[in-house]
Amino acid sequence: MGRRRASAGKPPSPIEAIKPGLTERPCMQQLIVRGNPGIRKDAVIDYDGEEQVCFSIQRQGDYHGPDEVQLWCTIGTPDEREAFEKRQYVPHWLDVDSIDADALDVIAPRGRQ
């Protein structure tokens, strides 16, 4: 069996592979918070010297696991909300960082009203 060759007259495939580094990388990242600082979805935090919004929060370790709960947050700047809502990112390619709940600066625990 030989390889198939794309004919010169065919248009390119409508499906393109997304590869990290080829497009502008989003600043969104996963933040694992060890402990519960009392934040909810859309909370505003000061992380790494920049104001970030918690787009989603998954609570881990309530029943089994570590002694204290962990919050797995997808955070980013307010400008990235549309990209988050339209899922224009690949969750597995986001940078992951962790922080203790005591070290996290919470600006608004439930978002800005």
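This note goes through the fold, the aromatic residues, two glutamines and two backbone angles of a predicted model.

1. Overall fold. The protein's secondary structure amounts to one helix and six strands, and these elements follow one another along the sequence in the pattern β-β-β-β-α-β-β. Of its 113 residues, 30% count as buried, while the exposed surface comes to about 8800 Å², with carbon and sulfur atoms supplying 47% of it. Among the contacts in the protein with a separation of 6 or more, 69% are made by residues that are 24 or more positions apart.

2. Aromatic pairs. The structure holds two aromatic pairs. In one of them phenylalanine 55 and phenylalanine 84 are stacked, with 5.1 Å from centre to centre and 20° between the planes. This pair joins distant parts of the chain, since phenylalanine 55 belongs to strand 3 (residues 50–60) and phenylalanine 84 to helix 1 (residues 81–85), 29 residues apart. Phenylalanine 84 also forms a stacked pair with tyrosine 89, at 5.8 Å centre to centre and again with 20° between the planes. Through these ring pairs Phe55, Phe84 and Tyr89 are linked into a cluster.

3. Burial of the cluster. Phenylalanine 55 and phenylalanine 84 are both buried. Phenylalanine 84 has a relative accessible area of 8% and tyrosine 89 one of 13%, and both therefore count as buried, because the cut-off for that class is under 20%.

4. Arginine 87. This residue lies over the face of phenylalanine 84, at 4.8 Å from the ring centre, and its place in the chain is the loop between helix 1 and strand 5 (95–100). Whereas phenylalanine 84 is buried, arginine 87 is exposed, with a relative accessible area of 54%. The backbone of arginine 87 also deserves a look, for its phi is positive, about 55°, although the residue is not a glycine.

5. Aspartate 48. A positive phi occurs here too, at about 60°, and aspartate 48 is likewise not a glycine. Most residues other than glycine have a negative phi. Aspartate 48 sits in the loop between strand 2 (44–47) and strand 3, and its relative accessibility of 72% places it in the exposed class, because that class begins over 50%.

6. Glutamine 30. Is this residue of strand 1 (residues 29–34) buried or exposed? With a relative accessible area of 16%, glutamine 30 is buried. Once residues up to four places away in sequence are set aside, glutamine 30 touches Trp72, Cys73 and Thr74, and also Leu94, Asp95, Val96 and Asp97.

7. Glutamine 58. This second glutamine is placed in strand 3, the strand that also holds phenylalanine 55. Its relative accessibility is 34%, so glutamine 58 counts as partly exposed, a class that lies between the 20% and 50% cut-offs. Which residues does glutamine 58 contact, leaving aside its neighbours within four places in sequence? They are Gln70, Leu71 and Trp72. For tryptophan 72, the separation from glutamine 58 is 14 residues in sequence and 5.1 Å in space, taken from C-alpha to C-alpha. Trp72 appears as well among the residues that glutamine 30 touches.

Terms used
Residues are numbered from 1 along each chain as its sequence is written. This is a predicted model: local features need pLDDT of at least 70, side-chain atom pairs count only at pLDDT 80 or more; totals for chains, interfaces and linings use all residues. Side-chain values use heavy atoms; hydrogens and water are left out. Rings of Phe, Tyr and Trp (its six-membered ring) pair if their centres lie within 6.5 Å; planes under 30 degrees apart count as stacked, over 60 as edge-to-face and the rest as tilted. Helices (H or I, at least four residues) and strands (E, at least two) are DSSP runs, numbered from the N terminus. Buried means under 20% relative accessible area, exposed over 50%, partly exposed in between (1.4 Å probe, protein chains only). A charge sits over a ring if NZ of Lys or CZ of Arg is within 6 Å of the ring centre and within 35 degrees of the ring normal. Contact means heavy atoms within 4.5 Å. Accessible areas come from the Shrake-Rupley method with a 1.4 Å probe; for residues, only the protein chains shown count as cover.
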